[in-house]
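Please walk through this protein with me, one residue at a time. Keep the structure open and find each side chain as it comes up.

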Amino acid sequence: RLVGSEMCIRDSTMTISGLTKCVSGVKKCGFTKVVVMRRLNASYTWSPYKTYKDLYKDGTTYSLSKKLVVNPGWYYYVEGVHYAKKNALSTQKITSETGVKKV
């Protein structure tokens, strides 16, 4: 079950948090990728700012928590790919996004 991801910005520090809960029998749970995207105030083009990969552990729950410095005048959002692997033939990936916030 996808619980979601979110971000909070305070004093030029972004905190990214997310949670993935899986059904019993899942062997690995977490995120295959979490990407922080940003764009300048007047720009329409989003670009990757920070990427985290292979954030998972053995078990049925993974809790994500990351902090990074962000710059004033930029808009940010976070996109994460939740991951659950039950066996060699059963893997599921679901993408979630946060809302856009300006620093």
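In this predicted model, the side chains of Thr-20 and His-82 are joined by a polar contact of 2.5 Å. Thr-20 sits in strand E2, which covers residues 13-21. Is Thr-20 buried or exposed? Its relative accessibility is 4%, so Thr-20 is buried, the cut-off being under 20%.

Now turn to the cysteines. Cys-22 has a relative accessible area of 15% and is therefore buried. Cys-29 has a relative accessible area of 0%, so Cys-29 is buried too. How many disulfides does the model contain? The count is zero. A disulfide needs two cysteine sulfur atoms within 2.5 Å.

Next, find Met-7. This residue belongs to strand E1, residues 2-10. With a relative accessible area of 5%, Met-7 counts as buried because the limit is under 20%. Which residues does Met-7 touch, once neighbours within four places in sequence are left aside? One group is Met-14, Thr-15 and Ile-16. Tyr-76, Tyr-77 and Val-78 are also in contact with Met-7. So are Thr-98, Gly-99, Val-100 and Lys-101. Ala-84 is 77 residues from Met-7 along the chain, and 22 Å separates their C-alpha atoms.

Move on to Gly-80. Strand E6, residues 74-87, holds Gly-80. Its relative accessible area is 1%, so Gly-80 is buried. Where does the chain come back to Gly-80? Beyond neighbours within four places in sequence, Gly-80 is in contact with Phe-31, Lys-33 and Val-34. Ile-94, Thr-95 and Ser-96 contact Gly-80 as well. Take Ser-96: it lies 16 residues from Gly-80 along the chain, yet their C-alpha atoms are separated by 5.4 Å.

Finally, look at Arg-38. Strand E3, residues 28-40, contains Arg-38. Arg-38 is buried but has no salt bridge. Which side chain of opposite charge is nearest to Arg-38? That is Glu-79, 15 Å away. A salt bridge would need a side-chain nitrogen within 4 Å of a carboxyl oxygen. What, then, is in contact with Arg-38, apart from neighbours within four places in sequence? Thr-45, Trp-46, Ser-47 and Tyr-49 are in contact with Arg-38. Asn-71, Trp-74, Tyr-75 and Tyr-76 complete the set. Tyr-76 also appears among the contacts of Met-7.

Technical notes
Residues are numbered from 1 along each chain as its sequence is written. This is a predicted model: local features need pLDDT of at least 70, side-chain atom pairs count only at pLDDT 80 or more; totals for chains, interfaces and linings use all residues. Side-chain values use heavy atoms; hydrogens and water are left out. Helices (H or I, at least four residues) and strands (E, at least two) are DSSP runs, numbered from the N terminus. Buried means under 20% relative accessible area, exposed over 50%, partly exposed in between (1.4 Å probe, protein chains only). A polar contact is a pair of N or O atoms within 3.5 Å; within protein, one must be able to donate a hydrogen and the other to accept it, and residues adjacent in sequence count only if both atoms are side-chain atoms. Contact means heavy atoms within 4.5 Å. Lys and Arg count as positive and Asp and Glu as negative; His and the chain ends are not counted.
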